[in-house]
Amino acid sequence: MKKVGLVGGISWVSTLDYYQFINEGVNARLGGLNAAECMIYSLNFNDVQAKGWVNSFDLLLNACQHLKNSGVDSIVLCANTAHLFADELEDKVQLPIIHIGTETAKAIQKAGLTKVGLIGTKFTMEMDFYKNKLEEYGLEVLVPDSQETRDYIQHTVKDELGVGFINPETKTRYISIVGDLISRGAECIILGCTEIPMLISQDDFSIPVFDTTKIHCEAIVDYIVL
């Protein structure tokens, strides 16, 4: 098996899912008492928020360098927004990064879909780093039109889901936001933040929903065992 290094803590609640899904996936493939050999560098998410995501490259680079020094074969960034720096980190650290956007795009392409609705942090929705990865695979990306809506998603991801708080009213609002994307022609929905699957899932919608956390973890398991 290959050893992966996980940059977690962004937030810690979704890092728990990564650890669980990766180990369950490896055990399902290999059986017995097999589990993933991995290292986790868990950042203090408050430090990231204090600096702001766009100013947090040095925090992520430090984490990646520590993981490289521990002998890992590749790096995993356990947050969609952290992929803002994925290409630059890969270049600096000289280790492959298993990219969540690339793996999500492959899964959607395999399903034969082309018009996607994307919800995530405001950085993921508003900046090009994530949407460009999807567009490289021929996907048309829709995000919520309203700045107020994007700000609302950002606020609830950070201040509710980021601390493990599930608010039924927030779930209702998210379902409505997704409904608007569907009305604009979205054929599927990307849950483009690793905390959002805590709140909504495929069970809430009739069109396909792509959980980026699970897709990412499946790709990580492939990397570990193949």
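**Exercise 1. Strand β1 and its partner**

L6 stands opposite I40 in β2, and this pair, like everything below, comes from a predicted model. Work out how β1 and β2 run relative to each other, and where the residues of β1 point.

*Solution.* Begin with the pairing: β1 is joined to strand β2 (residues 38-42) by five bridges, and the two strands run parallel. Next, consider the directions of the residues, for which the general rule is that side chains in a regular strand alternate between the two faces of the sheet. In β1, V4, L6 and G8 point one way, whereas G5 and V7 point the other way, and all are buried. The last step is to describe the strand as a whole: β1 (residues 4-8) is mostly covered, with five of its five residues buried.

**Exercise 2. Strand β4 and its two pairings**

Determine which strands pair with β4, in which sense they do so, and why β4 is described as largely enclosed.

*Solution.* Take β5 (residues 140-142) to start with: this strand pairs with β4 in the parallel sense over three bridges, and the bridge partner of K115 in β5 is E140. Then turn to β6 (residues 188-192), which also pairs with β4 in the parallel sense, here over five bridges; in β6, L118 has I190 as its bridge partner. Finally, count the burial along β4 (residues 115-120): five of its six residues are buried, so the strand is largely enclosed by the rest of the structure.

**Exercise 3. Cysteines and disulfides**

State how many disulfides the structure holds, and explain why C78 does not bond to the closest cysteine sulfur.

*Solution.* The number of disulfides is zero. Recall that a disulfide is a covalent bond between the sulfur atoms of two cysteines, and that the cut-off applied to the pair of sulfur atoms is 2.5 Å. For C78, the closest cysteine sulfur belongs to C217 and lies 7.4 Å away, which is too far for a bond. C193 is likewise in no disulfide, since its nearest cysteine sulfur, that of C78, is 12 Å away. As for their surroundings, C78 is buried with a relative accessible area of 0%, and C193, at 4% relative accessibility, counts as buried.

**Exercise 4. The cavity and helix α8**

Identify which helix gives the most to the lining of the largest cavity, then decide whether R150 in helix α8 is buried or exposed.

*Solution.* The structure holds one cavity of 30 Å³ or more, and the volume of the largest cavity is about 110 Å³. Its lining comprises 14 residues, of which F45, W53, T121, V157 and E195 are the closest to the centre. At least two lining residues come from each of α2 (45-51) and α8 (147-159), and α8 gives the most, with three residues. By chemical class, the lining divides into six nonpolar, six polar and two charged residues. Turning to R150, which has its place in helix α8, the relative accessible area is 12%, so R150 is buried. Leaving aside residues up to four places away in sequence, R150 touches K122, M125, E126, P144 and D145.

**Exercise 5. The largest pocket**

Find which helices each supply at least two residues of the lining of the largest pocket, and how that lining divides by chemical class.

*Solution.* The space in the largest pocket is about 160 Å³. Its lining is made up of E103, K106, A107, K110, I215, E218, A219 and D222. The helices in question are α5 (100-110) and α10 (212-225). Sorting the lining residues then gives three nonpolar, no polar and five charged.

Conventions: Residues are numbered from 1 along each chain as its sequence is written. This is a predicted model: local features need pLDDT of at least 70, side-chain atom pairs count only at pLDDT 80 or more; totals for chains, interfaces and linings use all residues. Side-chain values use heavy atoms; hydrogens and water are left out. Buried means under 20% relative accessible area, exposed over 50%, partly exposed in between (1.4 Å probe, protein chains only). On a 1 Å grid over the protein atoms alone, a cavity is a set of points where a 1.4 Å probe fits but cannot get out, and a pocket is an open set with protein on both sides within 12 Å along at least five of seven lines; lining residues have an atom within 4 Å of a point. Grid points are joined across faces, edges and corners, and a volume is the space filled by probe spheres set on the points. Helices (H or I, at least four residues) and strands (E, at least two) are DSSP runs, numbered from the N terminus. Ala, Val, Leu, Ile, Met, Phe, Trp, Tyr, Cys and Pro count as nonpolar, Asp, Glu, Lys and Arg as charged, and the others, Gly among them, as polar. Contact means heavy atoms within 4.5 Å. Two strands pair if DSSP finds at least two bridges between them.
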